[in-house]
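Subject: Structure for your review

Dear colleague,

Here is the structure you were going to look at, with its sequence. My notes on it follow below.

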Amino acid sequence: MHFADRLQQVETSAIRELFKLLGKPGIISFAGGFPDPAMFDVGGIKAAANQALNDEPGAALQYGATEGYQPLREQLSTFMAAKGAAVAASELIVTTGSQQALDLLGKTMISPGDKVIVEGPTFLATIQCFRLYGADIISAPVDAQGVQTDALEQLIAEHRPKLVYLIPTFGNPSGATLSLERRRRVLELAVQYNTLVVEDDPYGDLYFGEAPPPSLLALSPSVPGSRDLLAHCGSLSKVLSPGLRVGWLIAQPALLANAVMCKQFSDAHTSTFAQATAAQYLKSGRMPATLAHVRQVYGERARAMGQALRRELGDAIEFAEPKGGLFFWARLTGAHGKTKDAAEFAKKAIAQGVAFVPGAPFYAANPDLSTLRLSFATADVAKIEEGIARLGRSL
Ligand code: PMP
């Protein structure tokens, strides 16, 4: 078979390869990026699906508008308003997961050879998706306060990228949250350099204590001109259910119109049944309690993981405790002659019955081989303690 040339720019994710090893019985996995299925509000989703079939069977089972099912667009507009972002239903389109929003951004914005700046490290599927469209990806450094805006400005000035892709809140994999000051700076840079900024925000609602700073989208009215240079991707995957495949894209009208055109040729529209179910769910008013529940459970697990890591690995590992999201991002220090190579550590850990993802694949360039990502989402506190004890024995 002679496949399309574009496939030469990408390969199957190293993480998926690792997942093949996870079938071993008894393994405790911190490797996935999934929410815990025990968090799914099955009763609420069942009721919402029934309601959708009772109230609007024709619409819920028929083809629908590419832009999205109107009652869901309205519910999402209300959902965003509660997070401080005024977005009319007409300013957002529903996508098949936020992954499709990223793909549509790639399709509409990236020509082969275009430069794109992402965080180092960032979400692997975005790197792969943008590469498929021929992007030349440049990495901007990240610390515990998110992307370093001075370095970002230099990179923007030097490369004049087509877009800058950021996960400002509880990044995957970095766990980092961009400070308020840096958020303002990013919006100013967008205006100063006339650069599109993509804000990917699937984790912003998953905070454990204080709410994070407002999204770039919510802040954009305070930086004149920035709103038109911002695209925002949202998702119900991490807070309600990834299987629903409901995400959304907010962007200025011309970009949204082109994204809709591309979506027509891609999947015509996101499942109307899933959209009608999601709309009924949001309308039912159950979301605040669902969010409170996931925040509490994930918060407990994150604290347990932080304590266990300090106890079992001591100064052989360093990390900033995440204040939300699903991940710890850590670095092996090499203290006491222990390994600094996360890939080697991952192999030993699997042999001890515990899995995590080495950090290297999350970098578009210059990987830090001593980094690793641990998810605390799917194991309960007892499993987290046992799993981290096994990690301690692997190092
Ligand atoms: N962006 C980021 C940063 C993610 O971590 C994920 C899921 N792992 C997605 C987008 C895609 O999520 P979904 O398509 O389920 O909305």
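Is Cys 262 buried or exposed? Cys 262 is buried, with a relative accessible area of 13%. Please keep in mind throughout that this is a predicted model.

Cysteines

The structure holds 0 disulfides. For Cys 262, which is in no disulfide, the nearest cysteine sulfur belongs to Cys 129 and is 12 Å away. Cys 233 is in no disulfide either, and the nearest cysteine sulfur to it, again that of Cys 129, is 10 Å away. A disulfide here would need two cysteine sulfur atoms within 2.5 Å, so neither of these distances qualifies. Cys 233 is buried too, at a relative accessible area of 0%.

Ligand site

The ligand is surrounded by 13 residues, and the closest are Asp 200, Tyr 203, Ser 235, Ser 237 and Lys 238. By class, this shell is made up of 4 nonpolar, 6 polar and 3 charged residues. Helix H5 (residues 97-109) gives the largest share of the shell, with 3 residues.

Three side chains have polar atoms to look at in the viewer:

- Ser 237: a polar side-chain atom lies 2.5 Å from an oxygen atom of the ligand.
- Arg 245: an N or O atom of the side chain is 2.8 Å from an oxygen atom of the ligand.
- Lys 238: a polar side-chain atom is 2.9 Å from a nitrogen atom of the ligand.

On its own, the ligand has 400 Å² of accessible area, and the protein covers 91% of that.

Arg 245 and Thr 270

Arg 245 comes up again for its backbone. Its phi is positive, about 55°, although Arg 245 is not a glycine. Most residues other than glycine have a negative phi. Arg 245 sits in the loop between strand S8 (230-235) and strand S9 (246-250). With a relative accessibility of 32%, Arg 245 counts as partly exposed; that value lies between the 20% and 50% cut-offs.

Arg 245 is also among the contacts of Thr 270. Leaving aside neighbours within four places in sequence, the others that Thr 270 touches are Val 94, Thr 95, Thr 96, Gln 100, Lys 263 and Gln 275. With Thr 95 there is a polar contact as well: the side chain of Thr 270 reaches the backbone oxygen of Thr 95 at 3.5 Å. Thr 270 lies in the loop between H10 and H11 and counts as buried, at 2% relative accessibility.

Ala 268 is found in the loop between helix H10 (253-266) and helix H11 (272-283). Like Arg 245, Ala 268 has a positive phi without being a glycine; for Ala 268 the value is near 65°. Ala 268 is partly exposed, with a relative accessibility of 29%.

Cis peptide bonds

Most peptide bonds are trans. Two cis bonds are worth checking on screen, and each leads into a proline. One runs from Gly 120 to Pro 121, with omega near 10°. Pro 121 is in the loop between strand S3 (115-120) and helix H6 (124-132). The other joins Asn 172 and Pro 173, where omega is about 10°. Pro 173 belongs to the loop between strand S6 (163-166) and helix H8 (180-192).

Ser 375

Which strand holds Ser 375? Ser 375 lies in strand S14 (residues 371-375). Ser 375 is buried, with a relative accessible area of 1%. A polar atom of the Ser 375 side chain is 3.4 Å from the backbone oxygen of Leu 326. Apart from neighbours within four places in sequence, Ser 375 is in contact with Phe 30, Gly 32, Met 305, Leu 326 and Phe 327.

Ala 38

Ala 38 is in the loop between strand S1 (28-29) and helix H2 (42-55). Its relative accessible area is 58%, so Ala 38 is exposed. Asp 136 is 98 residues from Ala 38 along the chain, and the C-alpha atoms of the two are separated by 40 Å.

Regards

Methods:
Residues numbered from 1 in each chain as written. Predicted model: local features only at pLDDT ≥ 70, side-chain atom pairs only at ≥ 80, totals over all residues. Heavy atoms only, no water. Buried < 20%, exposed > 50% of the residue type's maximum accessible area, 1.4 Å probe, protein only. Near = heavy atom within 4 Å. Polar contact = N/O pair within 3.5 Å; in protein donor to acceptor, adjacent residues only side chain to side chain. Areas by Shrake-Rupley, 256 points an atom, 1.4 Å probe, with all protein chains shown as cover. Helix = DSSP H or I, 4+ residues; strand = E, 2+ residues; numbered from the N terminus. Nonpolar A, V, L, I, M, F, W, Y, C, P; charged D, E, K, R; others polar. Contact = heavy atoms within 4.5 Å.
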